[in-house]
Every structure is written in structure tokens, then in C-alpha cells.
Amino acid sequence: MGKVIQSKVQKKIKVYSLYLCFSLQIIFYEDRNFQGRSYETSSDCPDMSSYLSRCHSCRVESGCFVVYDRPNYMGNQYFMKRGEYADHASFGISGSVQSCRLVPQVTDTADYSKQLIFERENFQGQSHELVDDCDSIMDRYQISDCQSCRIIDGHWLMFEQPHHRGRMLYLSPGEYRSTKDLGYRGMRISSVRRIVDSC
């Protein structure tokens, strides 16, 4: 009886996850104020130029996305949640959006977020476990920054300055030996924030 109930619950979770996948959507527009040609997607897009000659505004219908000012998920990154962005300046980008990534939506994200941060590259130096947001790595752990990390669970935003300011990195589960491997030479992480499903 217990197995039957568990099976039904698992099916419901799968259906709900499938619904979330198809309900997440972002719409890009060539010009400011949602003008010009548009392109909508509910998945990753490594090169926007395949669909639009430029992108200067967008509308996030649901879900969370990370956009980049270079193709193939490179360059400066910007986190976007549900809302309207009438021009690229409204979400901090200096040029045109060139690629985007969907941030997977997971229920009860806050209960499953976990990472290990390291003081130096290649997982060297002091290490600390994080399961929640951290406004200042220096204040909490008395280390100046973190230069490598292992994301065990959840999806995270890593910031160059304390209190979630400055350049940003979006990281999903995996190992990250240094920020320069991600195209951010010289960047040091000073604060971190979880991406939760409430976005």
C-alpha cells in the first residue's frame, strides 16, 4: 500500500515539474519598450543572433533566467525574474543580450541548497559549507574572498562585492576550480545568494 501511495506522489511530482517547464517563458525584443521583432523561449539559447539581430528589452512571463552579453553563456551575466525590462539599462546590461539560460525551478529549493566554498583556487585554503545566503564572506568566515567552490545542491548567484553587488556568476551543481575558467579572470567572490523557487 505504501509503495502505491509513493508511486502516485512521484507521478504527481513529475507532472508538476513538466507543467513548470512549459510554463516558464521569457520574450526578447529587438528594440526598447518591447518594440520590433520578438523571440520567446522556455529553454536555454546559446546564440540570440540566430533569432534576432539585437535585443534591447525583454519580458519575463514566469520563472527565472540568466542573460549574457556574449554568445555561449559568456561575458557579463544578469539575473532576471518575472517582470518587464523596457531597455537593457533597466537590468544592468550595457549592450545587447546575446544568450540566455533558464534557471531550473525546484520546489523547496531552500531545503536543498548546499555548497562548499574555498579560499583559493583549485579547492585550496580554508573551506566552509554554505546552506543559506551570505552577505559577506569576510564578515562571516574571516576570509577575504572565495576563489573556487563545489555546488552540491541548488542554484546560486555569486557576487564580486559584499551585499550582492558587482559582477555576478550563476552556478549550478558542479565543481568550479577558479573564476577565470568561467571567463572572469581576477574576479573574487565576496557574497552569495541562493535562487529559490519564489522568484
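Strands β5, β4 and β7 form, in that order, an open three-stranded sheet with antiparallel pairing. The model is predicted. Beyond this sheet, the points below cover the domain annotation from UniProt and the cysteines.

**Sheet β5-β4-β7**
- The edges of the sheet are β5 (74-80) and β7 (99-103), each of which pairs on one side only.
- On average, neighbouring strands in the sheet are turned by 25° against each other, with direction ignored.
- Five bridges join β4 (residues 64-70) to β5 in the antiparallel sense.
- Within this part of the sheet, Val66 stands opposite Phe79 of β5.

**Domain annotation**
- An unreviewed UniProt entry assigns the feature "domain: Beta/gamma crystallin 'Greek key'" to residues 24-62, 63-104, 113-153 and 154-196.
- In the span 24-62, strand accounts for 51% and helix for 0%.
- The C-alpha atoms at the two ends of residues 24-62 are 5 Å apart.

**Cysteines**
- Zero disulfides are found when the whole structure is searched.
- Cys45 takes part in no disulfide, and its nearest cysteine sulfur, in Cys100, is 5.4 Å away.
- Cys45 counts as buried because its relative accessibility is 2%, the cut-off for buried being under 20%.
- For Cys149, the closest cysteine sulfur is that of Cys146 at 5.5 Å, which is too far for a bond, since a disulfide requires sulfur atoms within 2.5 Å.
- Cys149 has a relative accessibility of 2% and therefore also counts as buried.

Key:
Residues numbered from 1 in each chain as written. Predicted model: local features only at pLDDT ≥ 70, side-chain atom pairs only at ≥ 80, totals over all residues. Heavy atoms only, no water. Pairing = 2+ DSSP bridges. Helix = DSSP H or I, 4+ residues; strand = E, 2+ residues; numbered from the N terminus. Axes fitted to C-alpha atoms, helices over the stretch in contact; angles between N-to-C directions. UniProt positions renumbered as here; feature names shortened; annotations may be inferred. Buried < 20%, exposed > 50% of the residue type's maximum accessible area, 1.4 Å probe, protein only.
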